[in-house]
Amino acid sequence: MARAIVAAVADEQPPRRLLLGSDALDIALKAEEARLAEAHAWSEVSRSVGHH
């Protein structure tokens, strides 16, 4: 784990969030997929705000 942290910090473009471990990655991906699905489901409403 320490090596992964050092490698991420040393990278030219380090991640905003470093997910360490399969469980952490799976949980994060599931949450992002749910957020994306909700954004798509409400995209028509979202795009209509501010348009005349």
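**Three helices in a predicted model**

Biologist: Val-45 sits in helix H3 of this predicted model. Does Val-45 count as buried, partly exposed or exposed?

Modeller: The relative accessibility of Val-45 is 44%. A residue is buried under 20% and exposed over 50%. Because its value falls between these limits, Val-45 counts as partly exposed.

Biologist: How many Å separate Val-45 and Glu-33, C-alpha to C-alpha?

Modeller: Along the sequence, Val-45 and Glu-33 are 12 residues apart. In space, the distance between their C-alpha atoms is 19 Å.

Biologist: Which helix has the highest mean pLDDT?

Modeller: The protein chain as a whole averages a pLDDT of 95, and 96% of its residues score at least 70. Among the elements, helix H3 (residues 43-48) has the lowest mean, 94. The highest mean, 98, belongs to residues 22-41, that is, to helix H2.

Biologist: Which residue is the salt-bridge partner of Arg-35?

Modeller: Side chains of opposite charge can pair when their charged atoms come close. The structure holds one salt bridge, with a distance of 2.8 Å from N to O. The two residues involved are three residues apart in helix H2, so about one helical turn separates them. The partner of Arg-35 is partly exposed, at 45% relative accessibility, and is Glu-32.

Biologist: Which residue of the nonpolar surface patch is found in the loop between helix H1 and H2?

Modeller: The patch has about 420 Å² of accessible area together, and Met-1, Ile-5 and Val-9 are among its members. The member in the loop between helix H1 (2-10) and H2 is partly exposed, with a relative accessible area of 38%. That residue is Leu-18.

Biologist: Is the protein chain a compact globule or more spread out?

Modeller: The chain comes to three helices and zero strands, in the order α-α-α from the N terminus. Its radius of gyration is 17 Å, whereas the globule rule gives 10 Å for 52 residues. Because the radius is well over the value from the rule, the chain, compared with a compact globule, is more spread out.

Biologist: What percentage of the residues is buried?

Modeller: The C-alpha trace spans about 50 × 25 × 10 Å along its principal axes. The chain exposes about 5,200 Å², of which carbon and sulfur atoms supply 57%. Of the 52 residues, the buried share is 2%.

Biologist: How many Å lie between the C-alpha atoms of Gly-50 and Gln-13?

Modeller: Gly-50 lies in the segment after H3 and counts as exposed, at 62% relative accessibility. Gly-50 and Gln-13 are 37 residues apart along the chain. Their C-alpha atoms are separated by 35 Å.

Technical notes: Residues numbered from 1 in each chain as written. Predicted model: local features only at pLDDT ≥ 70, side-chain atom pairs only at ≥ 80, totals over all residues. Heavy atoms only, no water. pLDDT = per-residue confidence, 0-100. Helix = DSSP H or I, 4+ residues; strand = E, 2+ residues; numbered from the N terminus. Salt bridge = Lys/Arg side-chain N within 4 Å of Asp/Glu carboxyl O. Buried < 20%, exposed > 50% of the residue type's maximum accessible area, 1.4 Å probe, protein only. Patch = residues over 30% accessible without salt bridge, like charges linked within 9 Å, V, L, I, M, F, W, Y side chains within 5 Å. Areas by Shrake-Rupley, 256 points an atom, 1.4 Å probe, with all protein chains shown as cover. Rg over C-alpha atoms; globule rule 2.2 N^0.38 Å.
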